[in-house]
Amino acid sequence: MDSVFAERMKSLGTETGFEVLAKARALEKQGKDIVHLEIGEPDFDTPKNIKDAAVRAINADYTHYVPSVGVPELRQAIADHIFKTRNLNVSPEEVVVTSGGKPIMFYTILALVNPGDEVLYPNPGFSTYESLINFVGAKPVPIPLEEKNDFSLDHEYVKKAITKRTKLIIINSPENPTGGILTREDLKAIADGIVNRDDVFVLSDEIYSRIIYEGKHESITALPGMKDKTILLDGFSKTYAMTGWRLGYGVMRKDLTPKFAQLITNSNSCTSAFTQMAGVEALTGPQNEEEKMITEFRKRREVIVKGLNNIKGITCNKPRGAFYAFPNIKGTGMNSRELGEYLMNNGIAVLPGTSFGKYGEGYLRLSFANSVENIKKALDRIAEALEKH
Ligand code: PLP
């Protein structure tokens, strides 16, 4: 069967989250009760003002093809938003709107990375990074994120990992799956290593930039000389509970946008016009629903971290951003995959840390995009399951 597929498909990976979800759904079909802590999406509804804006846009016939890079109204709103949140002056021409934030990863790597180039990326980290690096025949160079550094960067390690073959450095803050954040000093360590290199770029995945519990979000684009070397990725999925709408964007130097436009034209043509108008409302309308969501996440973070630390064999750092706990499970005597499977059979769906790369061994990812009631139920089930193990 494999032989019918193109050679390149052999190097493309996948996101385990979707597979675990499918397994959990299959068990539910057999009548099992499962608490879902595997899913990386807010459990809130998209705010009403955003939904209303989409309906208005449909009725106003925003239902046709639009420019590949996005409608002018949204590109302007994003440029204004970037100024407000990062104090960074960008023009609408530097904004590329896409169907979710994820395509910006694909386009950045397709547009900039040659076979044999080295690409640095966080590990544990979002699995799509490694998958796409392999897909284009580049060399993945993992940057381990360690618990002892609160899942931030080891500056010396990064310095050594940057070589003359480095083409792209992928960073993600706040980070999925660890909840770690990069401080200005961390970002400076990266910038110092490449600021004099015209041939190296940074893909800064800031999709969780608004979901932060301590301090404020720092973007590498704010450091001297870095704006022109960075493709900033952000979007609407997490902040506005809009995962299914598929709306995100990249911000980049003006001369890069035509290549991104070409990739969009050759794949999905453009992002849905009425979805983009809903995006304008999300950025410019009232922000109180989103603030309520973050307050609720903060509450759940307390519950899940405290609960996990009360379970024998498990310890958990407090995530500083995003909505994932990443507990150390080495004391349970099981590896990440074994424990993940064991918990699934005991009614809790979680992701093994190794879904996010080899440095995720010894950890699990638990999403707290679920109610306090369900989180407590999951914690009780985990404690009980480990007790009887
Ligand atoms: N970047 C990270 C780190 C993520 O965790 C996700 C989604 O899980 C994305 C990007 C993709 O977001 P989107 O749904 O906007 O494509």
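1. In this predicted model, about 60 Å³ of space lies in the second largest cavity. Thirteen residues form its lining, and those that lie nearest the centre of this cavity are F151, T178, N317, K318 and P319. By class, the lining of the second largest cavity divides into six nonpolar, four polar and three charged residues. The lining also draws on two domains, since at least three of its residues come from domain 1 (2-45 + 288-388) and at least three from domain 2 (48-284).

2. The residue K318, already named among those nearest the centre of the second largest cavity, also takes part in a salt bridge with E302, in which the closest N and O atoms are 3.2 Å apart. This pair links distant parts of the chain, with E302 placed in helix 10 (residues 288-309) and K318 in the loop between helix 10 and strand 9, 16 residues apart. As for accessibility, E302 has a relative accessibility of 35% and therefore counts as partly exposed, while K318, with a relative accessible area of 37%, is likewise partly exposed. Elsewhere, D43, E296, K299 and R300 are joined into one network by salt bridges that share partners.

3. How many cavities of 30 Å³ or more does the model contain? The count comes to five cavities, and the largest of them has a volume of about 80 Å³. The largest cavity is lined by 13 residues, of which P122, L145, L153, N172 and L182 are the closest to its centre. The element that gives the most to this lining is strand 5 (residues 166-172), which supplies three residues. Sorted by class, the lining of the largest cavity has nine nonpolar residues, three polar residues and one charged residue. For the second largest cavity, the corresponding division is six nonpolar, four polar and three charged.

4. Turning to the salt bridges as a set, the structure holds 27 of them. One of these is formed by the side chains of E28 and R25, with a distance of 3.2 Å from N to O. Both residues lie in helix 1 (residues 16-29), where E28 and R25 are three residues apart, about one turn of the helix. With partly exposed taken as the range between 20% and 50% relative accessible area, E28 falls in that class because its relative accessibility is 27%, and R25 is also partly exposed, at 43%.

5. A further salt bridge is found where the side chains of R197 and D199 meet, at 3.0 Å from N to O. Of this pair, D199 is partly exposed, with a relative accessible area of 34%.

6. Which strands make up the open sheet of three strands, and in what order? The order is 9-12-11, and the pairing is antiparallel. Strand 9 (324-325) and strand 11 (351-352) stand at the edges, each with a single partner strand, so that one side of each is left without a neighbour in the sheet. Strand 11 is joined to strand 12 (residues 364-367) by two bridges, and these two strands run antiparallel. In detail, the bridge partner of P352 in strand 12 is L364.

Key:
Residues numbered from 1 in each chain as written. Predicted model: local features only at pLDDT ≥ 70, side-chain atom pairs only at ≥ 80, totals over all residues. Heavy atoms only, no water. 1 Å grid on protein atoms, 1.4 Å probe; cavity = no way out; pocket = protein on both sides within 12 Å on 5 of 7 lines; lining within 4 Å. Points joined across faces, edges and corners; volume = space filled by probe spheres on them. Helix = DSSP H or I, 4+ residues; strand = E, 2+ residues; numbered from the N terminus. Nonpolar A, V, L, I, M, F, W, Y, C, P; charged D, E, K, R; others polar. Domains from an automatic or database assignment. Pairing = 2+ DSSP bridges. Salt bridge = Lys/Arg side-chain N within 4 Å of Asp/Glu carboxyl O. Buried < 20%, exposed > 50% of the residue type's maximum accessible area, 1.4 Å probe, protein only.
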